[in-house]
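Good morning, and thank you for joining this group meeting. Please turn to the structure that is about to appear, and keep it in view as I speak.

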Amino acid sequence: MSTSRFSGPPAPAIWLALLLMLPAWRATAAPGASLNVIPRPTRIEAHAGFFAVGSTLSVIAPRSDREAAAAARDLKELLGIGQPALLPLTVQTGAERDGALVLRRLNDAALGAEGYRLSVTPQRIVLAANGPAGWLYGGVTLWQLVHGGPGSVREVDAQVIEDHPRLAWRGLMLDSARHFQSPDFLARLIDWMALHKLNVLHWHLTDDQGWRIQILKYPRLTRIGAWRLPAGGGDRYGGFYTQAQIRKLVQLAARRNITVVPEIDLPGHASAAIASYPWLGVQPHEVPVVPADWGVFNTVFAPTEASCGFLEDVLTEVMALFPGPYIHIGGDEVPAIQGAHTIDVHARLERFVESHGRRAVGWDETLTPTLARSAVVMSWRGVAGARAASAQGNDTVLAPDPQLYFDHRSGLAAWEPPGRLAPLTLRDVYEFEPLAADLSAAQRAHVLGLQGNVWTEHVRTEQRVAAMAFPRLAALAEVGWSDPAARSWTDFERRMAVQVRRYRQLDLPFDESLFGVESRVEYAADAGSATVTLSHQAQFGEIRYTTDGATPALDSPLYHEPITVTPGAMVRAATFANDGQLSTSVEVPTYVGIAGRRSSVELTLCGHAVPLALEDDAPPRGPRAIFAVDIENPCWIWKHADLQRVHTLVAAVGQVPFNFRIGADRDRMHFAQPTTPTGELLVHVDTCDGALYARMPLAPASRANGVTVLPGYSVSPLSGAHDLCLQFAQRGADPLWVLDWMELRTR
Ligand code: TNX
């Protein structure tokens, strides 16, 4: 178990196995361990010799500097987490001395509030800063130096690191409304953020599908508004944060130099509040219960004195809980139905926030010529909002879709969690530049920084929240902190090989898209052999594999070209560097009697209106299938299928509730007419209007909640390669039939 203060999920056995494989405790630091720091420090100067850390390290805070003593205790707490304790510290106060980590107070404007100077000599380590944030970040750098190699090191090279951030707002937005995360998870997330020198947690606490913050004056918000019945059935889902829990998290965050920016979304995305108090709504009858649908609702807060008063009461309690300078009041995706009303609810609440000495933050829809100068515009519909806001003289934060939308998958591999389908890779995030070259100096000064947004419609579990956030937040941290002139993807990849080891030591369930192995299997037309192609996103590290059932190891064959195996063989593969394993090993099965097999994610979608990697809503427990589907047009193309020896089609299908509010698009959806009561899977040749090749009845799957493998369907072989178009003939969109995989069999 983790020694962290928080009882997280137990480390999956696979990680433990990986840790055991790492070469034991190394006696000396890898040379240049400082080059493994993420985000990359501003300046590093190497010196001769090293400092020996010992099994615990004393931190000395100057006597009578209470802030420094508190900072030392916070460092002890933060850097002690991990398995085993990663940098055990003991805290003392008194005069500076050798053999210890010395906190020193500076008054150095160039370093700013968050900068630090870390000097390592063979005698002692001096961590100098203007105050707590700098000590924290210098400590985080030191922690990384001690975890710079394949094992922990106890000797730190002599050097001077001088470091300060490029941008002031380096954040993560977490949507706790669509899915709820426990306070324990939030505490762990705050620690993980601090270890990346991130300093803003934008907490999306209210939305259509859930109200998550206890408001003492309006108890129905959490008695009613925090709970919903999942689409497609199942137990009541929900949860909320009590004010006591929130205070504790806000305090923890403050000790980690993280400002929590609460968001009360208004006037749209308000169904949960309106279900709790129907008089708040513009069309009260429309939201009798908290909805389980995703998308945009027409129910918004009514432009009345009563609902403005309610929102002022809510924000009064919110401001008492969150002492930071920023209060986010939403403003996104308000349907036009509110029209030209007498009260502009958003503008009214913005003035309310400002009149209480706070700065209102709003999504970019809130940018109007009359927007208060102190209001902050969060650019999400691309970067245009940031451009316009900064030109108008408003501060702005970049959180653009899709560049920083962490609800997209990180890659296409079958083991990626569900999410929006089009991948947003680690490299995409790393290469995002928040300060476009043509922005004027005045505009640049208005760009506070950037954040990644983890929307959670498709992110059901805490583990998946972590995987959507990390390691993409490591890339975002570097973009927000480090000198852009020194940004190098190749060097970042190399440092990520070290970072993923730190993640394993922290029990951080990160996404493996960078080093994890993706696979593709092609079968010979006569089903006599299978060819397995392996790849990973990184240019760093090498793939090794086995075909005999053994677990891949450093001495397994090196992958350099597609492997041909006898059908039925299992290929196992993982990524390695010289000094150890970088990725979990994956299993790639091959099957007998098959001329081709594709999962939905390996097929081409016919349309790209709302492409999702959508998780099945069943079974209630245990693994669920993930379908690649455009929910507005569930249709897949299998390009160039070789059908010359194919006698049977086998398909696995599922059905999902159609819980999407897509407005008028819903009326444009159309389906082929079924000829049986429960519909059929249609296979057309060459194009979707081409000859019908198969009409596979869905009756055997009609009562199943999970995935059903339909009985084999006999077809006649066709010569040459053909595209196959796969679609469902069904009466309506709900439930929506979806394809999991299809096989072309030779018998
Ligand atoms: C749009 S981004 C939204 C959210 C969704 C997100 C992802 C923004 C301000 N509004 O309500 O979660 O797309 O689907």
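I shall first describe the strands and a helix, and then turn to the ligand and its surroundings.

Let me begin by saying that this is a predicted model. Its strands include a closed barrel of eight, in the order β8-β9-β14-β16-β17-β18-β19-β21, and the pairing is parallel. From one strand to the next, the twist averages 25 degrees. As a reminder, the strands of a sheet pair through backbone hydrogen bonds, in either a parallel or an antiparallel manner.

Let us take one pair from the barrel. Strand β17, residues 359-363, and strand β18, residues 376-379, are joined in the parallel sense over three bridges. Which residue of β18 is the bridge partner of valine 361? The partner is valine 376.

A helix also deserves our attention. Helix α4, residues 183-194, lies across β8 and β9, and runs at about 150 degrees to β9.

I now turn to the ligand. The residues around the ligand include Arg178, His269, Trp363, Tyr405 and Arg420. By class, this shell has six charged, four nonpolar and one polar residues.

Which atoms of the ligand do the acidic side chains approach? Aspartate 332 places a polar side-chain atom 2.9 Å from a nitrogen atom of the ligand. For glutamate 333, an N or O atom of the side chain is 3.4 Å from a ligand nitrogen atom. Glutamate 457, in turn, has a polar side-chain atom 2.7 Å from an oxygen atom of the ligand. On its own, the ligand has 360 Å² of accessible area, and the protein covers 89% of that.

Conventions:
Residues numbered from 1 in each chain as written. Predicted model: local features only at pLDDT ≥ 70, side-chain atom pairs only at ≥ 80, totals over all residues. Heavy atoms only, no water. Near = heavy atom within 4 Å. Polar contact = N/O pair within 3.5 Å; in protein donor to acceptor, adjacent residues only side chain to side chain. Areas by Shrake-Rupley, 256 points an atom, 1.4 Å probe, with all protein chains shown as cover. Nonpolar A, V, L, I, M, F, W, Y, C, P; charged D, E, K, R; others polar. Pairing = 2+ DSSP bridges. Helix = DSSP H or I, 4+ residues; strand = E, 2+ residues; numbered from the N terminus. Axes fitted to C-alpha atoms, helices over the stretch in contact; angles between N-to-C directions. Contact = heavy atoms within 4.5 Å.
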